[in-house]
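Let's take a look together at how two chains meet, and at what lies enclosed in the structure. Have the sequence and the 3D view open as you read.

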Amino acid sequence: MRTKTVTFRHKWLPYALIAPQIVITLIFFIWPASQALYQSVLRQDAFGLRTDFVGMANFVRLFADDNYINSFVTTISFSAMVAGFSMGIALIMAIMADRVIRRAMVYRTLLIWPYAVAPAVAGVLWWFLFNPTIGIAAYALDGLGYDWNHYRDGGDAMTLIVVASTWRQVSYNFLFFLAGLQAIPRSLTEAAAIDGAGPVKRFVTIQLPLLSPTVFFLIVVNVVYAFFETFGVVHATTSGGPGQATNILVYKVWRDAFEGLNLGSSAAQSVILMVLVIALTAIQFRYIERKVEY
Amino acid sequence: MSNIQINNVRKTYPGGIDAIRGITLDIADGEFCVLVGPSGCGKSTLLRMIAGLETITDGSVSIGDRVVNDLEPAERDIAMVFQNYALYPHMTVYGNMAYGLKNRGVPKDKIKVMVDEAAATLGLSEFLTRKPAQLSGGQRQRVAMGRAIVRQPQAFLFDEPLSNLDAKLRLKTRVEIRDLQQRLGTTSIYVTHDQMEAMTLADQLVVLNDGAVEQVGTPIDVYNRPASVFVAEFIGSPPMNLMPGEIDESGLVTPAGVVAAPAGVRHGAVTIGIRPEHLHPASDGPLRLKVRVVEHLGASANAHGTVPGHAVEMIASLTGADLPAKGETLGLTVAAENLHLFDPETGRRLH
């Protein structure tokens, strides 16, 4: 009887406690997502005077559009580069930091700082550095005989957003790699050293396999980051240009909607991105749930 | 020939902490040498310096007439068994044992023969395809042993290999290790803080304290003639009784009574050591013990108590059925040859 009373008395409490989260999810995720789904099957004229139901036509048109396919390819190569470079650099740094014993905290803290910088700010920072007119990095490159101009050269523009996006993500990856490396008992590498494996071989045959769950997790996280969170970087530096050179999917969604005023197509692109991120998250969850098995 | 010579080895960590303060040891070919001491005495550090996992600040280590100071661990031709076994979790038992051979470029078919042979020796043949996570603690320990013996190194180094096992398995594995080492005849250095393990395994027992050697000898020598108060306290269970005393014309004056002094010891203040099993009940004995607790061990019993009128703790190991009751005062006697006398200043043995 008493238990029942207690349960009753607190019945509202769990709901009250999760209410803010529910409200946030509803307002900032469920509502926009449902709007995107709804909009993706509509077509609206540029003045917003008429709205027609067009079914899957927006999607069909997207996949017939060379610009969209190009953007897809751009995004994939951009993500691969960002994930590859940021993880590679982070791993090297983590290996070095793992060996440092004195003042390790100082180095680690300094290496983590860039993650505290917002993507847009990171973009602006690198934009200043590589600005063809006033940028110090562009000036230095000029001194080396390279004519840097990310306003004209698509390759330069891509390099710039890759560098800006990578720089920020290195910190995050570094943290995970360092934690992963430090979770490997030192005696394992020592045993391998006695077993005749040099530093490189030790890393490849002992540390890397034991780090593979971390690597997998970070691949997913980095791809998601490159796909979605780099909007700020692109917006602050290249605005998707020159031409379509750095017009990655998430930027194209925004540009088509708010500059091209093509709401239906933009919504359809959002839906496609939503499916992608759901798929990536599902893969990650499934892998983590299966538990890491060596 | 794979004797190991440790010549005045020192280890100073940055910041000036002396972990090893000049140790010289000579370990003969095929000998089982046990380094024993309390935690922090430097025994593991010394082992790791021999293995090449710690740098040597000063002095030299030679394995089989070869100075190995500047050699990589792999080039020293040693194998090490770690406290946590350090098995590669992502490899099978076979993979674990084959790893060292593979790295040395042994042909595949030869690796198979060698691993199979080592596995058979240790009774691991049926587990070769399993991963370490699928093995019990005792089996993992044996895989760690297997990884060591498969390479047929010049020396085995053991870093407290039994401390992760339960008491029963520890006993069994201890015997297995000794048996295996004797069969293979491989020079071994074994680090432990367990004096029982040290006593039972060692050909040569090295008692370390604070980065220096306290005593080197056969286990029975160390037990019968501890060189210092530290060794006397550390080796033996229950520990040796220690009490202040003085030698004068009447003999050895102890807090518990006056007994005959061993011959040839100077007069003056001493620290007296008496092993519990050397105290024998005798109603008219010169020593007195007021019993506080009696521990029954089956074959014997330990009577814990204090010397009446003094704060000196004493333990007597008694056999037989006639055991004292709590609160009783026991008369005890000890033979003069079983007394250990130490200098109270330096802690060194006086005779």
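## The interface between chains B and A

In this predicted model, chain B and chain A bury about 1700 Å² between them, with carbon and sulfur atoms giving 61% of that area. In terms of residues, 23 from chain B are in contact with 18 from chain A.

Polar interactions are part of the picture too. Between chain B and chain A there are two salt bridges. One of them joins the side chains of B:Arg48 and A:Glu190, at 2.6 Å from N to O. Across this interface, 13 residue pairs are in polar contact, counting pairs with both residues at pLDDT 80 or more.

## What chain B brings to the contact

Which elements of chain B give two or more residues to the side that touches chain A? They are helix H1 (43–51), strand E6 (78–81) and helix H2 (93–103). By residue class, that side of chain B has 14 nonpolar residues, five charged and four polar.

## The cavity

If you enjoy hunting for enclosed space, there is one cavity of 30 Å³ or more to find. The largest cavity holds about 60 Å³ of space. Its lining draws on chain A through A:Ala191, A:Ile194 and A:Asp195, and on chain B through B:Ala79, B:Met80, B:Phe82, B:Arg147, B:Ala148 and B:Arg151.

Helix H9 (186–194) of chain A gives two or more residues to this lining, as do E6 and helix H4 (137–149) of chain B. The lining of the largest cavity has six nonpolar residues and three charged ones, with no polar residues.

Notes:
Residues are numbered from 1 along each chain as its sequence is written. Chains are lettered from A and ligands numbered from 1 in the order in which they are written. This is a predicted model: local features need pLDDT of at least 70, side-chain atom pairs count only at pLDDT 80 or more; totals for chains, interfaces and linings use all residues. Side-chain values use heavy atoms; hydrogens and water are left out. Contact means heavy atoms within 4.5 Å. Buried area is the accessible area (1.4 Å probe) that two parts lose on being put together, summed over both. A salt bridge is a side-chain nitrogen of Lys or Arg within 4 Å of a carboxyl oxygen of Asp or Glu. A polar contact is a pair of N or O atoms within 3.5 Å; within protein, one must be able to donate a hydrogen and the other to accept it, and residues adjacent in sequence count only if both atoms are side-chain atoms. Helices (H or I, at least four residues) and strands (E, at least two) are DSSP runs, numbered from the N terminus. Ala, Val, Leu, Ile, Met, Phe, Trp, Tyr, Cys and Pro count as nonpolar, Asp, Glu, Lys and Arg as charged, and the others, Gly among them, as polar. On a 1 Å grid over the protein atoms alone, a cavity is a set of points where a 1.4 Å probe fits but cannot get out, and a pocket is an open set with protein on both sides within 12 Å along at least five of seven lines; lining residues have an atom within 4 Å of a point. Grid points are joined across faces, edges and corners, and a volume is the space filled by probe spheres set on the points.
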